[in-house]
Structures are given as C-alpha cells and as structure tokens.
Amino acid sequence: MLWIKSLHIVFMVTWFAGLFYLPRLFVYHSMAEDTVSRERFKIMERKLYWGIMTPGGVLTIVFGVWLWLGWWRGAGSWLHVKIALGALLAAYHLWCGMLLRDFAADRNTKSHVWFRWFNEVPTLVLFAAVLVVVFKPF
C-alpha cells in the first residue's frame, strides 16, 4: 500500500504544479498584446493542460481511489473532507479547461487581475488538505 500512497503523492505534486502554473500562464496571456506571444501561450497552455495536468490529475484520483478502497473502513470523517477537497480541485481543473478553450478561441474576457486571484484557489485547497490529513481533526 505504500507504493500506491507514494504514487498518489507523486502524481498529486505533478497535478499541483500544473494547477499553480496554468493560471499564471493565463495572467501573462491576458496581458499579451502581440499575436506571436498569444500564439505561444496557447501552445504552452495546451501542452501543460493535456500533457501534464490532466494525466497528473487522473492518476492522482486513480491512486487516491485505490487507497480509499483499501482504507475506507478505518478512516474517519477527515477522509470525506479530503475527498471533497479533491472534488473541488477536479472542478477547478475543469474550469481551467474551459478558460483554456476561451483563450484558444480568442474569447477571453477576464483581466490579468482576475487570473491573479484565480491562481490562489489551489493554494488554499492544498493548505486545507494538508491540515486535514496531518491533524485528522474529525
């Protein structure tokens, strides 16, 4: 079971790297004024989302479910909170995908300031998840 937990953590780190970086690319993309830069950001965002974030997110969830199936009998309510936080991250991931489509079609209407705030969401979820797992308050 330690191998599964290790893989869950490795892919979670991979997923979070993308969750932290893609919105930052959105900040710069929304500020870009020339066509060459905007096209470069489209490529970077697409490769990050489909090549790193999505596989990382899927594998995080797969190994998390595997752990849950082997652990569910003895876990407390803290695990339900962690699962809810994981679902929140999955929703955030999908929202990033919708924003990615808007940028790809040159339909973005949000400012770089909005994306700077949007970029903070995964940090808050990570902080909450770590606290729940470490302290298991429920």
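Helices, numbered from the N terminus, are DSSP runs of at least four residues, and histidine 8 is found in the helix designated α1. The views below show a predicted model.

**Figure 1. The largest nonpolar core of the predicted model comprises 23 residues.** Leu19, Leu22, Phe26 and Phe115 are the residues with the most contacts inside this core. Two or more core residues come from each of the following elements: α1 (2–31), α2 (35–71), α3 (77–104), α4 (112–118) and α5 (121–135).

**Figure 2. Leucine 22 is shown with its contacts from beyond its immediate stretch of sequence.** When neighbours within four places in sequence are left aside, leucine 22 is in contact with Glu45, Leu48, Tyr49, Met53 and Cys96. Leu22 is also listed among the residues with the most contacts inside the largest nonpolar core.

**Figure 3. The largest pocket encloses about 710 Å³ of space.** Its lining consists of 27 residues, and those nearest the centre of the pocket are His8, Met12, Thr60, Gly64 and Lys82. Helices α1, α2, α3 and α5 each supply at least two residues of the lining. The greatest contribution is that of α3, which gives eight residues. Sorted by class, the lining has 20 nonpolar, four polar and three charged residues.

**Figure 4. Threonine 60, in helix α2, is one of the residues nearest the centre of the largest pocket.** Threonine 60 has a relative accessible area of 5% and is therefore buried, the cut-off for this term being under 20%. The side chain of threonine 60 reaches the backbone oxygen of phenylalanine 11 at 3.0 Å. A polar atom of that side chain also lies 3.0 Å from the backbone nitrogen of methionine 12. With neighbours within four places in sequence set aside, the contacts of threonine 60 are His8, Phe11, Met12 and Trp15.

**Figure 5. Histidine 8, in helix α1, also lies among the residues nearest the centre of the largest pocket.** Histidine 8 is buried, because its relative accessible area is 12% and the term applies under 20%. Apart from neighbours within four places in sequence, histidine 8 is in contact with Thr60, Phe63, Gly64, Leu67 and Lys82. Of these residues, Thr60, Gly64 and Lys82 are named with His8 as lying nearest the centre of the pocket. Histidine 8 and isoleucine 83 are separated by 75 residues in sequence, and their C-alpha atoms are 13 Å apart in space.

Conventions:
Residues are numbered from 1 along each chain as its sequence is written. This is a predicted model: local features need pLDDT of at least 70, side-chain atom pairs count only at pLDDT 80 or more; totals for chains, interfaces and linings use all residues. Side-chain values use heavy atoms; hydrogens and water are left out. A nonpolar core is a set of buried Ala, Val, Leu, Ile, Met, Phe, Trp, Tyr and Cys residues joined through side-chain atoms within 4.5 Å. Buried means under 20% relative accessible area, exposed over 50%, partly exposed in between (1.4 Å probe, protein chains only). Contact means heavy atoms within 4.5 Å. On a 1 Å grid over the protein atoms alone, a cavity is a set of points where a 1.4 Å probe fits but cannot get out, and a pocket is an open set with protein on both sides within 12 Å along at least five of seven lines; lining residues have an atom within 4 Å of a point. Grid points are joined across faces, edges and corners, and a volume is the space filled by probe spheres set on the points. Ala, Val, Leu, Ile, Met, Phe, Trp, Tyr, Cys and Pro count as nonpolar, Asp, Glu, Lys and Arg as charged, and the others, Gly among them, as polar. A polar contact is a pair of N or O atoms within 3.5 Å; within protein, one must be able to donate a hydrogen and the other to accept it, and residues adjacent in sequence count only if both atoms are side-chain atoms.
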